[in-house]
Number of protein chains: 2
Amino acid sequence: DDVEHQTKNMDDPYANEPKRHPALKPTSQKPFNAEPPAALLVANFHTPNELFYVRNHLPVPEVDEKDYSLTLEGEGVKTLTLTLDELKKKFPKYKLSAAIQCAGNRRSELSKFEGLDLDATGSPYGASVPAERALDPKSEVLLAYEMNGEPLSRDHGFPVRVIIPGVVGARSVKWLSNIILSKEESTSHWQQNDYKGFCPSVDWDTVDFKSAPAIQELPVMSLICEPGNGWRVKAKDGKIAVKGYAWSGGGRKIVRVDVTGDQGKTWHVAKLQQEDKKHGRHWAWTLWTVEIPVDPKGKQTEIWAKAVDSSYNTQPESSAHIWNLRGVLSNAYHKVIVNLIQ
Amino acid sequence: DDVEHQTKNMDDPYANEPKRHPALKPTSQKPFNAEPPAALLVANFHTPNELFYVRNHLPVPEVDEKDYSLTLEGEGVKTLTLTLDELKKKFPKYKLSAAIQCAGNRRSELSKFEGLDLDATGSPYGASVPAERALDPKSEVLLAYEMNGEPLSRDHGFPVRVIIPGVVGARSVKWLSNIILSKEESTSHWQQNDYKGFCPSVDWDTVDFKSAPAIQELPVMSLICEPGNGWRVKAKDGKIAVKGYAWSGGGRKIVRVDVTGDQGKTWHVAKLQQEDKKHGRHWAWTLWTVEIPVDPKGKQTEIWAKAVDSSYNTQPESSAHIWNLRGVLSNAYHKVIVNLIQ
Ligand SMILES: [Mo]
Ligand SMILES: [Mo]
């Protein structure tokens, strides 16, 4: 039995996964996908590395930094290969705060067809962003080897990952080996046949993946982190405190978060905590807090939150009309039901 | 009587308004504001000048082009004054297609407080855009003296107006006299105390205009132009044709328009007509057409349209939760009820 078990593991491409923080709640083990509890998230403006959500599509590669090299190549580009040491020494170190937003965060709310798993084909992961975005002098792209001052962990792309702030996390390729300037998008499964949005009436029989653009910038969204769904809360002076985060793609600033405890009859404007950044470079999330009045005789209250960004885009009210077969882009109002202690 | 009438007119700052096309439907006479019928709008990709909507805040100035000059000034700027002739000869002529989107287009749908008119104080109209936007080499700003190949009309800013595509029309100042680079926003009424969005629960007693940013980029929107509300239409093979336009701020491309005739139980993807532009420079509108099935026994059908842009932002379902005291930013699903001829 012991021998068989060992043999199995050696055949298992997931045999050498890194250890993860016990607070991470896995949504899948192979590949490993996990999120921290929402209430832990808003405890810090900068999420501690070990609590950062993990979104992998394939086994985590084991890369020896001595063997590591990055190749830049493509149309009109003189091919350049850099070791990790050269990358660190030849280029100035640059820091930025960015929220990495998964297209499928909050996917569980749109999970109708989620039984179909990712089609991991074994080909290397690849992703593309428009050259206009990657080379935009007003924007930022990072080849990151540190996260919160520490070397990247294996789960987050050791030794080097791309950070393209304001763009869906799926393009911020981890364990980066090649950068290619090209007239064609990556042919990878995740660029071509995943991470795209469709009309709610398109199903797996009628979907034409070529008809939709790959997700790049994400829409405006917000999340209620405290209280969580089903929590028991006690009002103080007739009010309860609500906390969460909001974020928008393309570096658009969050300009307002509205919260309601009465299905939108009255909305309350939250207090925002955010970085002071230049126009169009609001890559980090915005934390928010607000106190909302609750019915003194009520047993339950349903809390809704919606954010508004600097282009005054806001969230759709419900998932009904934004549902899509891949379950991505789930940015409807976040709704949480809590029990009131009298 | 005749003399009195004439005297009145001479005192009237609106005595010398230009003539307008009879198809324009005025929503106000002084200042003159008017829109063409929606069905005429989608007849052309480029709206004929005389049918272009007019949105004025004050009387239309009479400018003699011989006397005209434009002054550029401000912090770190050597003051420069240009005549119209110099403007035309010293700079290369540049063309672009852009939809000018008024913050209050479709305002009538959100008109609860519209009885309060614009506070025209008599000060000159002024507006600001962030320097990052105005000077962005990846973006475009035009000092326009022609429109569809003809000199600008008086209503549209003769002799020179700014065109800041992707940004609310209120910043595309007409009858342009000064461009000022400054650390402070324009103190004009329209920059400070209008063209801002607020939480639905903020009213005229509680509004703090300083709390909201001036509208720059607008959110994604769409309009059904044909059939119009109340039209009688006959289905052909069980279907009716629907036409309209869609647009988004910030140069974001319209990637999809979904249309439903059954309250969203089934959505139909429209065919799009749009310019082929670089990423982030989709300033023009997108025209769309779709055929949707209708109930063969139905007397009426309600049609809804919603657009999705390249950041996958979409429209809110109803005005209920985006209502604001200035009636701007009305980008909920457009809904039209038509009568079916059996
Ligand atoms: Mo993702
Ligand atoms: Mo406007």
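## A tour of chain A and its contact with chain B

Between chain A and chain B there are zero salt bridges (a side-chain nitrogen of Lys or Arg within 4 Å of a carboxyl oxygen of Asp or Glu). The model is predicted, with local features needing pLDDT of at least 70 and side-chain atom pairs counting only at pLDDT 80 or more, while totals for chains, interfaces and linings use all residues. Residues are numbered from 1 along each chain as its sequence is written, chains are lettered from A in the order in which they are written, and side-chain values use heavy atoms, without hydrogens and water.

Select the side of chain A that touches chain B. By class, this side holds 21 nonpolar, 14 polar and 14 charged residues (Ala, Val, Leu, Ile, Met, Phe, Trp, Tyr, Cys and Pro count as nonpolar, Asp, Glu, Lys and Arg as charged, and the others, Gly among them, as polar).

Next, show both chains together. Here 49 residues of chain A are in contact with 49 residues of chain B (heavy atoms within 4.5 Å). About 3,700 Å² is buried between chain A and chain B, and carbon and sulfur atoms give 56% of that area (accessible area, 1.4 Å probe, that two parts lose on being put together, summed over both).

Now select chain A alone. Its C-alpha trace spans about 65 × 60 × 45 Å along the principal axes. Of the 342 residues in chain A, 51% are buried (under 20% relative accessible area, 1.4 Å probe, protein chains only). Among contacts in chain A between residues at least 6 apart in sequence, 68% join residues at least 24 apart.

Definitions and conventions
Buried < 20%, exposed > 50% of the residue type's maximum accessible area, 1.4 Å probe, protein only.
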